[in-house]
Each structure stands twice: as C-alpha cells, then as structure tokens.
Amino acid sequence: MATMDPPQAHVPLTDERIERLREMIGDELDAAWLYDRLAGMSDRQPAHHQPAEVLRNMAESEREHAAHWIALLGDHEPQAYLDLHRPSLRVRLMAFEARVFGLGYIISQLRREELFDIQRYVSDPDSGGLAEEEREHRATLAELAPQFGAEGAIGEGHAGVGAQGASTFRAALFGLNDGIVSNLALIAGVAGVAIGSEAVLVAGIGGWLAGAFSMAGGEYISVRSQSEVLQRQIAMERDEVLLDPGEERRELISIYRSKGLSQELAEQVAAELSEQPDALVDTMVREELGLDPDGLGNPWKAAASSFLSFSFGALIPLLPFLVWHAADWTVNYWALIVGVLASVVTLAVAGLFTSLVTSRSPLYAAGRSVLVGVLFAAITFAIGSALPFDL
C-alpha cells in the first residue's frame, strides 16, 4: 500500500471546488465500504481467503485516497469523515448483487468504477498519484476475476460468466419493465371505460399472455435468425481458409496493417496463425466479420427469459383484480389503485437496479421508471374514460 505525501493544493477552494472534493471523498469512502463488504463475503468461501486480504488492502487504499481529499479541505481530523460516512444506495445495491449472484458478477462494474476514477483524477491537478493507484486497483480486479469465476468480466468486450450474467440481468430488468408498463396502461385504459366490468380482468389476462408470448416468440426468432446468419458466415469463412489459405493470409496482413502494425509484424502474426487453421478461422471471423463465435446465443433460453420476466411484470398490476375476482368482491377503483401502487413500488425497485447498468443515479433511475409507468397509465385511463362506450 502506497504512502502518500501531504497534498499540495493547486486549485482554489471555491464553493464549486469544495463540493467536488466532498463528492470525491464520498466516492472513495463508498468504494472502501464496498471492498470491505466484498472481503467479508470472500472470507466465507474457503478458497477465497487470499482475495479477501487483497480486497481489504484495496479498501484501506480507498480510505487513504479519501484522506488525501479531506486534507485539501483543510480538515485535520479525517477520522470524523470516516466515522460519519454512510454508504450510498448505489454501493449498497452493488453489495446486494454480489451477495445474491456472487462476487464474479460485479467485477466488470467495479472495473468501470475504477476507470471513472482514473478519468477524473488524471485531469485533476491536486490528485497526485491517485490516478496511477486506481489503475493498480483496476489491474488487481482483473487478476481477481478468474478466482471468482468471472474470466469474461475482466474484459468488457468478451463474453464470460460475469458478462453473460450481466446481460441476462439487463434483459430480465427490461422485460420486467415492459410487462408492468404495457399491462398497467392496458388495464388502466379499460378500467377508464368500465371499472366494474370483467372486461378489465379479461383485458389484463389477455395483455399478459399476448405480451409474454409475443416477447418470447420475437426473441426466439431474433436470436435464432441471428445465430443462423452468423453460423453461415462462419462456415463460409472456414471454407475460404481451407480452400484458399493464401488469400486469407493476405487479407489478415491487410487487416493488421490497417490497425497500425508494421508490415513485418503483420506478416509474422499471419504466418503463425496460418499454421493453425482453427485459430486462423477464429481470427478471421473476429477480425474480418466482427463476429464472436462464442456469443451466438441460445434462442430457447432467450425466449424463456423474455416470457418469464414479462409475465412477472404484467402480473403486478393484474394481481389485485384477480384477488378481487377470487374473493367475489365488487371490482372498483380500489383494485386499480392497489395495482398502480404495486406497479409503482416494483418499477421503483427495478429502476434502482437498472441504475447499476446505466450508471445513473439510483433515485433518478427509479423516479424515471415510475414516472413513465404512471404517465402512460394516466393517459390510457383518460382516453378510456373519454370513450363513449358502456361495457
């Protein structure tokens, strides 16, 4: 762990600067809190005792970074900041993700956070050597990734345990949002026409099933078609490599030359790859076609995931009407109100977790999801109420 010299301020302490320093102090303490929590989780896995110690060292380093910024504020008692700090909602959500899905799941997120710190500190004249230390943190996370089963997560452009898990998580979140918003709007629209009619229940069930099967079918066809196209292109590339290896070698040299390699190095790389036909096919598919042979996707898995996530979301606003009907209660606006409130809560929670994918403020993401859902429901309810129908 590096020992930093007392920082020398180069930027005047304007109100804007003070606010920025406080923001950076909070971010560093958030990171320290998260690394401590991850170390504790790692402790509970016998094979991960060494990574736990590494994570604790990183947490201590982040606290030192916070002390660096605190000193620039002229505060000589940084421990007060450390004792009073409360972790943000965002890092609490990340800790929850790690606890539920495993530490490997959030490795790529942590590396993005460190990259953000690097970008911020490189341009700050008071940062000292913090940018370089954040680079070391990012490299350390890359080294830890395989130990947590996240080899693919350490490179954002590669598919792996962490990356595939994150992709599935994103798809589930968006499917959930789609299900809630679309069925809530449909139910609200029909309720505006005839709240006391069973037409509301029928519309809700129809919206759920039609939407879920439509999402599943569309996802299956999309992934299946894409997979078939990619497999055909890969097969054609394999034929070209086997039937005309000289031409493929020249193409590969041209590709590497366009990327900035010297003629000699490009020829050397192409020559070595040409001795391994399978490696040459894989390289040409990635470099010439821009495809990932390992990321073609499973259409059945994609369809099932879309169906389940949409169904769960669509059932949220529908459930009160099912309960009212099963209890033989008169369906009234209370059922709609309960459905809206349940949808609002679920949209808010989904928005909070969406913020981990989009890197937006959790409260902003939650508020946006709720606003969109409620706005569309209000519009369709108003339209339904204005229709001259009597069901």
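Student: Let's start inside the protein: how many cavities of 30 Å³ or more does the structure hold?
Tutor: Happy to begin there, and do keep in mind that this is a predicted model. The largest cavity has a volume of about 30 Å³. Counting cavities of 30 Å³ or more, the structure holds one.

Student: Which elements give two or more residues to the lining of that largest cavity?
Tutor: The lining is made by Leu38, Leu55, Leu103, Ile107, Leu110, Leu141, Leu144 and Phe148. Looking for elements that supply two or more of the lining residues, we arrive at helix H5 (107-122) and helix H6 (130-144).

Student: And the second largest pocket: which element gives the most to its lining?
Tutor: That pocket holds about 540 Å³ of space and is lined by 22 residues, with Asp27, Arg90, Val91, Glu113 and Phe116 nearest its centre. Two or more lining residues come from each of helix H1 (15-43), helix H4 (89-101) and H5. The top contributor, with seven residues, is H5.

Student: Asp27 caught my eye. With which residue does the side chain of Asp27 meet in a salt bridge?
Tutor: Good eye! Here is the general idea: side chains of opposite charge can pair when their charged atoms come close. For Asp27, the N to O distance in the bridge is 2.9 Å, and the pair links helix H1 to helix H5 across 93 residues. Asp27 is partly exposed at 29% relative accessible area, and its partner is buried at 5%. That partner is Arg120.

Student: Is Asp124 buried or exposed?
Tutor: Asp124 sits in the loop between H5 and H6, and it pairs with Arg17 of helix H1, 107 residues away. Their side chains meet in a salt bridge of 2.8 Å, N to O. Arg17 has a relative accessibility of 6% and counts as buried. Asp124 is also at 6% relative accessibility, and because the cut-off for buried is under 20%, Asp124 counts as buried.

Student: Which residues are linked with Arg17 in a network of salt bridges?
Tutor: One partner we have already met, through the bridge between Asp124 and Arg17. The network brings in further residues, and its members besides Arg17 are Arg20, Asp124 and Asp126.

Student: By about how many helical turns are Arg63 and Glu60 separated?
Tutor: These two form a salt bridge, with their closest N and O atoms 3.3 Å apart. Arg63 is partly exposed at 23% relative accessibility, and Glu60 is partly exposed at 31%. Because they are three residues apart in helix H2 (residues 49-72), the separation is about one helical turn.

Student: Which residues does Pro320 contact, leaving aside its neighbours within four places in sequence?
Tutor: Pro320 lies in helix H12 (residues 299-326) and is buried, with a relative accessible area of 6%. Its C-alpha atom is 5.4 Å from that of Ala335, 15 residues apart along the chain. The contacts beyond those neighbours are Ala335, Val338 and Gly339.

Student: Turning to the surface, what is the area of the nonpolar patch that includes Leu371?
Tutor: Leu371 belongs to helix H14 (residues 362-386) and is exposed, with a relative accessible area of 58%. Its partners in the patch are Val372, Leu375, Phe376, Ile379, Ile383, Leu387 and Phe389. Together these residues make a patch of about 720 Å².

Student: To finish, how many helices and strands are there in the protein chain?
Tutor: Of its 391 residues, 41% count as buried. Read along the sequence, the pattern is written with α throughout. The tally is 14 helices and zero strands.

Definitions and conventions
Residues numbered from 1 in each chain as written. Predicted model: local features only at pLDDT ≥ 70, side-chain atom pairs only at ≥ 80, totals over all residues. Heavy atoms only, no water. Patch = residues over 30% accessible without salt bridge, like charges linked within 9 Å, V, L, I, M, F, W, Y side chains within 5 Å. Areas by Shrake-Rupley, 256 points an atom, 1.4 Å probe, with all protein chains shown as cover. Salt bridge = Lys/Arg side-chain N within 4 Å of Asp/Glu carboxyl O. Helix = DSSP H or I, 4+ residues; strand = E, 2+ residues; numbered from the N terminus. Buried < 20%, exposed > 50% of the residue type's maximum accessible area, 1.4 Å probe, protein only. Contact = heavy atoms within 4.5 Å. 1 Å grid on protein atoms, 1.4 Å probe; cavity = no way out; pocket = protein on both sides within 12 Å on 5 of 7 lines; lining within 4 Å. Points joined across faces, edges and corners; volume = space filled by probe spheres on them.
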